[in-house]
Amino acid sequence: MSSLLPSPLRQSIAITGAGIVSPLGMGWQANEESLAADRIAFKPVEIFDTREFVTKTAGVVDLPTENLFHRIPAHKQAFFDRGTRMLLIAIREALAQAGRQNMEGIDAMVIGTSAGAMPLGESYFEHAYHGTSRDPTQLSRAENYQPQRQMSSIAAEFDWRGPVIIVSNACASGANAIGWAAEMIRSGRAKRVLAGGYDAIAKLVFAGFETLHALAPSGIPRPFDAQRDGLALGEGAAVMLLEAEDVRRTPALGNVAGYATATDLHHLTQPDPAGKAAIRTMTAACAQAGVSPAQIGYINSHGTGTPFNDAAEAAAIATWAGDVVASIPVSSTKSAMGHLLGGAGAVEAVICLMALQGQWLPASLNVREVDPAVRFDLVRHFRRSSLDYALTNSFGFGGTNATLVLQRRSA
């Protein structure tokens, strides 16, 4: 199956439930309130020692302290990472919103992640390197470090035995997971799929981005600002329950109308300056949705705040939109919560769904002087709007690009 080409089937893929956990809050309502208030969620990182780093802040989620898994013994939960806990919370919200208590009747789960349970791998290494005797807890660290084990823990919590597909495609993972789930339904291979993405902050990831000089020294990202100097990291999770129309029994929040993915083959960590792959994905996703750029009421950009990314995305949007570019509202919600890596595409897709439902636009914050390359309508403060379609871009290391088009629905 090629998701670059428009699907001949314009079948509606209904979104009947959505869950979100981000630095802006726990759940749909908390995130909506934070976005409406133009809130910024960066704070000092206390999960690990940041004294050796220039940047010391990130978008950190305030997780509940109690045990979140009910079917799994507490002693085993001690080796569940933060990302798995965030994913569980998001799944529970999505199921509740869809009027479900469990995962019965769901055909598959497609989840994207970039770092997985990286902190458990770090802990394993620290114990192996500094330990002087055999440590019986090392097996648990190694076991739960694996993404498939994290998904097995989620499945066990719901006593669910369906297939799990794990997508690890850098920072496009969450968007790829939702797009792949939609294609499963379009092709007739599934009727209901739970899809999304997650990632938690990890010291190794933090160090890697700092080594690349990609982190904003101030800790505050300024996407599309003329003097932007880097991104901020964040963490979170989001999922959607996607259903075919012939099995849907609850009101739909919206549709996944279009999806496309492509690779630019330019550089491991830098995007193609012309944004050629992004142009391809935006064009193909809109073709699958049957809409033109003029019908897109909002774009949630990848918008990391790095010099190369924002310039390439601005160029891509201008080329793709053509004469209507000045009328298309665009923002980067990473300016408020940071870059959530494998969870970014899923969280930003849910934010698009929230915008469609509420008829509003979230802001690109922290901008002091708009980059001259910006030809679109950069949303700098929360505002009301009227929109039927929203588009979200997700780009990742290795040149991976993904675009989702979501459609508003009232029932």
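## Buried strands and helices in a predicted model

Let us start inside this predicted model, at strand β5, where Ala108, Val110 and Gly112 point one way while Met109 and Ile111 point the other way, every one of them buried. With five of its five residues buried, β5 (residues 108–112) is largely enclosed by the rest of the structure.

β5 has strand partners too. It pairs in the parallel sense with β7 (residues 192–199) over five bridges, and there Ala108 has Val193 as its bridge partner. With β6 (residues 164–167), β5 pairs in the parallel sense over four bridges, and Met109 stands opposite Val164.

A second enclosed strand is β15. Eight of its eight residues are buried, so β15 is also largely enclosed by the rest of the structure. Tyr389, Leu391, Asn393 and Phe395 point one way from this strand, and Ala390, Thr392, Ser394 and Gly396 point the other way. Ala390 is a handy residue to follow here: Tyr298 of β10 stands opposite Ala390, and in β16 the bridge partner of Ala390 is Leu406.

Here are the strand pairings side by side:

| Strands | Sense | Bridges |
|---|---|---|
| β5 and β7 | parallel | five bridges |
| β5 and β6 | parallel | four bridges |
| β10 and β15 | parallel | three bridges |
| β15 and β16 | antiparallel | eight bridges |

Now to the helices. α9 (residues 276–289) has 14 residues and spans 20 Å from its first C-alpha to its last, close to the 20 Å expected at 1.5 Å a residue. Is α9 largely enclosed or largely open? It is largely enclosed by the rest of the structure, because 10 of its 14 residues are buried. Among them are Ala277, Ile279, Met282, Cys286 and Gln288. The cover over the buried residues of α9 includes two helices, α7 (173–186) and α10 (307–321), along with strands β9 (254–263), β15 (389–396) and β16 (400–408). After α9 comes Gly290, with a positive phi near 75 degrees.

α7, one of the elements covering α9, also packs against α12 (residues 344–358), at an angle of about 65 degrees and with the axes 5 Å apart. The two helices are therefore roughly perpendicular to each other. Gly174, Ala175 and Ile178 make the contact from α7, and Gly345, Ala346 and Ala349 make it from α12. By class, the contact has four nonpolar and two polar residues, and no charged ones.

Notes. Residues numbered from 1 in each chain as written. Predicted model: local features only at pLDDT ≥ 70, side-chain atom pairs only at ≥ 80, totals over all residues. Heavy atoms only, no water. Expected span 1.5 Å × (residues − 1). Buried < 20%, exposed > 50% of the residue type's maximum accessible area, 1.4 Å probe, protein only. Contact = heavy atoms within 4.5 Å. Axes fitted to C-alpha atoms, helices over the stretch in contact; angles between N-to-C directions. Parallel < 35°, antiparallel > 145°, perpendicular 65-115°, else oblique. Nonpolar A, V, L, I, M, F, W, Y, C, P; charged D, E, K, R; others polar. Pairing = 2+ DSSP bridges.
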